[in-house]
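I opened a fresh page for this one. Here is what I looked up, in the order I went through it.

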Amino acid sequence: MSTLPPASPSPERAPRLTVIGTGYLGATHAVAMAYLGFEVLGVDIDQRKVDLLNEGTVPFFEPGLPEKLDEALASGRLRFTTDLDEAAEFGDVHFVCVGTPQQMGSEAADLRFVDSAFTELARRITRKVLLVGKSTVPIGTAERLTTLVQEISPLGAELEVAWNPEFLREGFAVQDTLHPDRLVFGVTSAWAEDRLRAAFEPILAEGTPLIVTDLATAELVKSAANSFLATKISYINAMSEVCEATGADVIRLAEALGLDERIGSKFLKPGLGFGGGCLPKDIRSFKHRAEELGIGEAVAFLGEVDAINVRRRLRTVALIRQVAGGDLMGVRVAALGAAFKPDSDDVRDAPALDVARMLYLEGAIVSVYDPEASVNAHRVYPDLEYAASLDQALAGAEVTVLLTEWQEFRTADPAQMGEQVRTRTVVDTRNALDADRFRAAGWDYWALGRPHTAPVPVPVVASNRSQAAGRVVDKSADLPC
Ligand code: UDX
């Protein structure tokens, strides 16, 4: 990752920025903008988060962000507050970065936080400033918010709203924010475009492509981009289902497809499918909005994309049940990973945690280990057993399941792992392990969409007697301590 800040903003043009909402998106944006040379005030309703950030602690796991937070705080250009009056007074450009989770009992996005941030800010605005939405919202939201804030604000019709979608990936948030592959400005006036150009001057100076557009297109770019990514993942996972039925190998298939430049290999990794706080809820909210607009047919396929993705979890549980001998009751499972992807502690709609929970509900004794997400996972599913280390999770396992492809798991030594478990049976739901190395170390390696090959026989030793009998689990034997 590049550590050099791009060109600093020109002092005479640099707007003072606020960032409303300091979650994964907002905290990163606030830190990055201060790091680039802007005066930034981060705002959140959560006093604890604000205190932590002011003390230099990032309240979630994001590689590289703590160091950049330290630098930004030391520069004196970044502060955090819960005071919206102060924010309204301070900012020339206000970025709204609050969450848009899925509504309970509906596929629609819950816009309460966005509406509240815009209206609470607007009623305090008395001079010409720009309100910029970065959150992912249904098309038409920015236009609706414009009417709303103009009604509320003392500034009236002079108050403008712009939309500037964010494409950052968790785990790469700092890099993606400082060096995005494109910027999109949804604006309704040349003045708003100029304000955004000033707010992103150092990034534009790097030659970052800029698309200036209307509000609806800017909103749509984000929904369309996330839908495309989700579709690509579900496409290869649908092909995996075909492989599962025919004995074909989805890894070789993905490799061959990806070499076609028109297709490309990115987001074509088959496995347990997508999760997290964005892709699942964004495709549902997009589909819901299209139905509201009377054009549901245009994106009806997203329902299938979602269904394929949800099926991955069920098929994974079925495979684990199968390799455990047809019944999970009392089977000790080492669940490696809980986060929705590596380098994140985010467990929102995490396929890993979902699978662990389903195994538990079928009676398995599940020991979950995640290098960073265990605390969050425990908060959501306190009933699962959480191990403090990889070895602890593996201890006595009859089936080992790789659920999130953390580097720690991908580089772990299969022979050493084999010493901890009771049965060397591994299910690689992310196609991330070296199957040959595992087989050579006597593991029975399983993955959806790939032909199953018997493990290389290993000499029987006292501590791993049960694995010599192949994948049949002897539930009566004593577990090693
Ligand atoms: C995503 C978008 O990438 C980002 O541009 C947007 O701003 C927010 O949503 P993020 O949620 O951080 O970012 O995760 P991403 O890296 O896109 O991964 C999403 C999910 O897809 C993960 O669960 C990942 O494991 C899964 N995935 C990804 C696959 O299953 N196969 C792949 O080939 C790629």
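**Entry: around the ligand.** I began with the ligand and listed the residues around it, keeping in mind that this is a predicted model. There are 20 of them, and F167, E170, K269, F340 and K341 come nearest.

Next I looked up some polar contacts. I found a backbone N or O atom of F167 at 2.8 Å from an oxygen atom of the ligand. L168 also uses a backbone N or O atom, and here the distance to a ligand oxygen is 3.0 Å. For R430 I had to look at the side chain instead: one of its N or O atoms is 3.4 Å from an oxygen atom of the ligand. How much of the ligand does the protein bury? I noted 91% of the 680 Å² that the ligand exposes when taken alone.

**Entry: the domains.** I then stepped back to the domain assignment. It gives domain 1 as 17-213, domain 2 as 223-308 and domain 3 as 309-468. I picked domain 1 and domain 2 for a closer look, and their centres, taken over C-alpha atoms, are 29 Å apart.

**Entry: where domain 1 meets domain 2.** I counted the contacts from both sides: 14 residues belong to domain 1 and 11 to domain 2. Together the two domains bury about 1,000 Å², and 53% of that area is on carbon and sulfur atoms.

Which side chains meet in a salt bridge? I wrote down E107 and K287, with 3.7 Å from N to O. The interface of domain 1 and domain 2 has one salt bridge by the rule. I also noted four residue pairs in polar contact across this interface. Sorted by class, the domain 1 side that touches domain 2 has seven nonpolar, five polar and two charged residues.

Key. Residues numbered from 1 in each chain as written. Predicted model: local features only at pLDDT ≥ 70, side-chain atom pairs only at ≥ 80, totals over all residues. Heavy atoms only, no water. Domains from an automatic or database assignment. Contact = heavy atoms within 4.5 Å. Buried area = accessible area lost by both parts, 1.4 Å probe. Salt bridge = Lys/Arg side-chain N within 4 Å of Asp/Glu carboxyl O. Polar contact = N/O pair within 3.5 Å; in protein donor to acceptor, adjacent residues only side chain to side chain. Nonpolar A, V, L, I, M, F, W, Y, C, P; charged D, E, K, R; others polar. Near = heavy atom within 4 Å. Areas by Shrake-Rupley, 256 points an atom, 1.4 Å probe, with all protein chains shown as cover.
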